[in-house]
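Biologist: I'd like to learn how to read a fold like this one. Could we start with one residue and work outwards?

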Amino acid sequence: MRKKLKSFLKTVGFHIEEEPNTLFDVVCGMEFPATNAKHLSVHKGDAYYFCSESCKKHFDSDPEKYIG
Ligand SMILES: [Zn+2]
C-alpha cells in the first residue's frame, strides 16, 4: 500500500523522504533507532517495540493501559 503511494507521489513530482528508521516506545514515549529494537512484545497480533526491558515489562503487565 505505502510503497504504491510513494511511487505514485514520486511520479507526480513529490520529493519523498525515506522513512526514518525509528520506532516509538508507547510506554515512555521515546523514539529510538530501529537498530536498538531488542525488546519486543506482540499484543493482539501487533508488534510493539521498547527502548528497554523495563518498558517492555510495564507493557506486558497492562498492555491496554498503553495502547487503549
Ligand atoms: Zn521506553
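Modeller: Sure. Pick a residue and ask which element holds it: Y48 sits in strand β4. Keep in mind that this is a predicted model.

Biologist: Why does Y48 count as buried?

Modeller: The idea is to count C-beta atoms around a residue, and 20 or more within 10 Å makes it buried. Y48 has 21 C-beta neighbours inside 10 Å, so it counts as buried.

Biologist: Which residues is Y48 in contact with, leaving aside neighbours within four places in sequence?

Modeller: Those would be V26, L40, S41, H43 and F59. Take V26: it is 22 residues from Y48 along the chain, and their C-alpha atoms are separated by 7.8 Å.

Biologist: Okay, now the strands. How many bridges join β3 to β4, and do they run parallel or antiparallel?

Modeller: For pairing, you look for bridges between two strands, and at least two are needed. Here β3, residues 39-43, is joined to β4 by five bridges, and the two run antiparallel. You can follow the register residue by residue: H39 has F50 as its bridge partner in β4, while L40 is partnered with Y49.

Biologist: What do β3 and β4 form, and how many residues lie between them?

Modeller: A hairpin, with two residues between the strands. Check the backbone angles in the turn too: K44 there has a positive phi of about 50 degrees.

Biologist: Let's move to the inside. Which residues make up the largest nonpolar core?

Modeller: For a core, you look for buried nonpolar residues joined through C-beta atoms within 7 Å. The largest one has eight residues: L23, V27, Y48, Y49, F50, C51, C55 and F59. Both β4 (46-50) and α2 (53-61) supply at least two residues of this core. The largest share, three residues, comes from β4.

Biologist: And V27, what does that one touch?

Modeller: Skipping residues up to four places away in sequence, V27 touches F50, C55, H58, F59 and Y66. F50, C55 and F59 are core members as well.

Biologist: Now zoom out for me. In what order do the elements run from the N terminus?

Modeller: The order is α-β-β-β-β-α-α, which comes to three helices and four strands.

Biologist: What share of the protein chain's residues count as buried?

Modeller: Of its 68 residues, 13% do. You can also ask about sequence separation: among contacts with a separation of 6 or more, 25% are between residues 24 or more positions apart.

Notes. Residues numbered from 1 in each chain as written. Predicted model: local features only at pLDDT ≥ 70, side-chain atom pairs only at ≥ 80, totals over all residues. Buried ≥ 20, exposed ≤ 12 C-beta atoms within 10 Å, placed from the backbone. Contact = placed C-beta atoms within 7 Å.
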